[in-house]
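Visitor: I have a structure to look at and some questions about how it is put together. Please take me through them one at a time.

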Amino acid sequence: MTVDVADGAARADSTGTRPTIAALTGADQVNTAFGVFLRSMVGLPFRGVDATAVTETGRYLGAFDGDRIVGGADSYTSDLVVPGGARVAHAAVTHVGVLPTHRRRGIVTALIERQLEDFAHRGEVVATLRASEAGIYERFGYGIASTARSLLVDTRRARLRESVVAQGSVRLADADADTELLAAVHRRTNGVGAIERPAGWWRLQELRRAADPTVHYVAVHSRDGVDEGYVIYRPRDTEAWFTSREKAIDVIDFVALTDAARFGLWRHLLDLDLVDVIHVGSAALDDPLPLALTDERAVELGAAHDETWLRLIDVEAALRARRFGDGPGVRIGVEDRRLPANTAVFEITAGAVTRSTRAAEATVDVATLAAAYLGGTTWRRLASAGRVDVHTGDAVNRLDRLFGTGTQPYSGTTF
């Protein structure tokens, strides 16, 4: 399918070797680009979706080969919680794809470079994405800033400790758990790495559930009349449900604003009749569930996998937004060849971040700084891997004291 390039948009050059990147206009262009994304991903099910319902006007970029859209990169307006609890302006990158016939022509590079420029122009401080291929995005300044793992819980062995006291109540909300109810809970999340879920994200989840023939169940935890968390789950293999030796459910979304909500929802899940196994696709590395059980082996921890790929669009603003630990300051040099305004030396102390004309005590590229920014990776590990150019002997120790956090960052949102 082809579409016309909007009036005023540049065309591909006469050699046809490098496509033109332009913001998409109109439903036809957006739907065509979304179709390109689905074709490039191969295994996604959303055929026939009106992409204008799940995207944000003005943020979808297209790559044009002549008049034909052959690639695209999209994003949502959002915010990201950083250490200390501040929320910074954030672009959630999604729908990046190129037709198989146009691979290895620099299209992704052109799209991402233009996208980074757009984010900077919008005043967005950071961007994040979830990478289908891990080898692509570091060269654009993205670093792995949070890591997650799956959980498999054997309900036949899992019992909450007596010290985990029930506080509040759980109600079933299968019929009335509309998007606004869920979104109202989620938008109050304040864990480091959490993002605001945009309207287009919520609409896509509605379409997913509507297209899935398997019933979804919703339970909401409340205390003193205030909703503090919810869980969405569904059964596996319903055709063999009554003959299966191991009946299982999948947890689709788990949001808890408090420990009371977390374990109130887990008490609900563990008390479900006919359920032997609970699969949780994504949980924080330091999720406390195993420690709350009398038998920690009732939880099988999956392998850790990258979750948040973070890009610092405005390094100075990002550093000033987060809280730092106590200890002596350090001067860190940052190199950013994609957004040169970020290339500078920053003096970081517990109370301030300033640009400095003095020599750096350690130097990193912007992707390495992103990996440490939320506290999910220590500077010691990065230095051991050769990713920190250390000029002063104790600089790494000081960086770890400044950037250290008490918890692992975690988003819990895929987009």
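Visitor: Which strands does helix α9 lie across, and at about what angle does it run to β14?

Guide: This is a predicted model, and every value here is computed from it. Helix α9 covers residues 395–403. It lies across β14, β15, β17 and β18, and its angle to β14 is about 90°.

Visitor: What is the order of the strands in the open sheet of 5 strands?

Guide: Strands of a sheet pair through backbone hydrogen bonds, either parallel or antiparallel. In this open sheet the pairing is mixed. The edge strands, β16 (353–356) and β18 (389–390), each pair on one side only. Read across, the order is β16-β15-β14-β17-β18.

Visitor: Which other helix packs on the sheet, and what angle does its direction make with that of β17?

Guide: The helix spans residues 366–373 and touches β14 and β17, the latter being residues 362–365. This is helix α7, and its direction makes an angle with that of β17 of about 100°.

Visitor: Which residue of β15 is the bridge partner of Ile332?

Guide: Strand β14 takes in residues 330–335, and strand β15 takes in residues 344–348. The two pair in the antiparallel sense over 5 bridges. Within β15, the partner of Ile332 is Phe346.

Visitor: And which residue of β16 is the bridge partner of Ile348?

Guide: Strands β15 and β16 run antiparallel and are joined by 4 bridges. They form a hairpin, with 4 residues between them. The partner of Ile348 in β16 is Val353.

Visitor: Is Ala91 buried or exposed?

Guide: Ala91 is found in strand β4, residues 87–98. Leaving aside neighbours within four places in sequence, Ala91 is in contact with residues including Arg59, Tyr76, Phe119 and Thr128. A residue counts as buried under 20% relative accessible area. Ala91 has 0% relative accessibility, so it counts as buried.

Visitor: What separates the C-alpha atoms of Ala91 and Val125?

Guide: Along the chain, these two residues are 34 residues apart. In space, their C-alpha atoms are separated by 8.3 Å.

Visitor: How many of the residues of helix α3 are buried?

Guide: Helix α3 runs over residues 179–186 and is mostly covered. Its buried residues are Thr179, Leu181, Leu182, Ala183, Val185 and His186. They pack against several elements, among them β7 (169–172), α4 (199–211) and β10 (248–256). Out of 8 residues in α3, the number buried is 6.

Visitor: What radius of gyration does the protein have, and how does it compare with that of a compact globule?

Guide: The protein has 415 residues, and a compact globule with that number would have a radius of gyration near 22 Å. The C-alpha atoms fill a box of roughly 65 × 60 × 35 Å along the principal axes. The protein agrees with the globule value, with a radius of gyration of 23 Å.

Visitor: What share of the residues of the protein count as buried?

Guide: The protein contains 9 helices and 18 strands. Its exposed area is about 19100 Å², of which carbon and sulfur atoms supply 48%. Of the 415 residues, the share that count as buried is 51%.

Visitor: Which residues does the UniProt domain annotation cover, and what is it called?

Guide: Over the annotated stretch, the chain is 22% helix and 35% strand. Its end C-alpha atoms are 63 Å apart. The annotation comes from an unreviewed UniProt entry and covers residues 19–162 under the name "domain: N-acetyltransferase".

Notes
Residues are numbered from 1 along each chain as its sequence is written. This is a predicted model: local features need pLDDT of at least 70, side-chain atom pairs count only at pLDDT 80 or more; totals for chains, interfaces and linings use all residues. Side-chain values use heavy atoms; hydrogens and water are left out. Two strands pair if DSSP finds at least two bridges between them. Contact means heavy atoms within 4.5 Å. Axes are lines fitted to C-alpha atoms, for helices over the stretch in contact, and angles run from 0 to 180 degrees between N-to-C directions. UniProt positions are given in the numbering used here, feature names are shortened, and annotations may be inferred rather than shown by experiment. The radius of gyration is taken over C-alpha atoms; the globule rule is 2.2 Å times the number of residues to the power 0.38. Buried means under 20% relative accessible area, exposed over 50%, partly exposed in between (1.4 Å probe, protein chains only). Accessible areas come from the Shrake-Rupley method with a 1.4 Å probe; for residues, only the protein chains shown count as cover.
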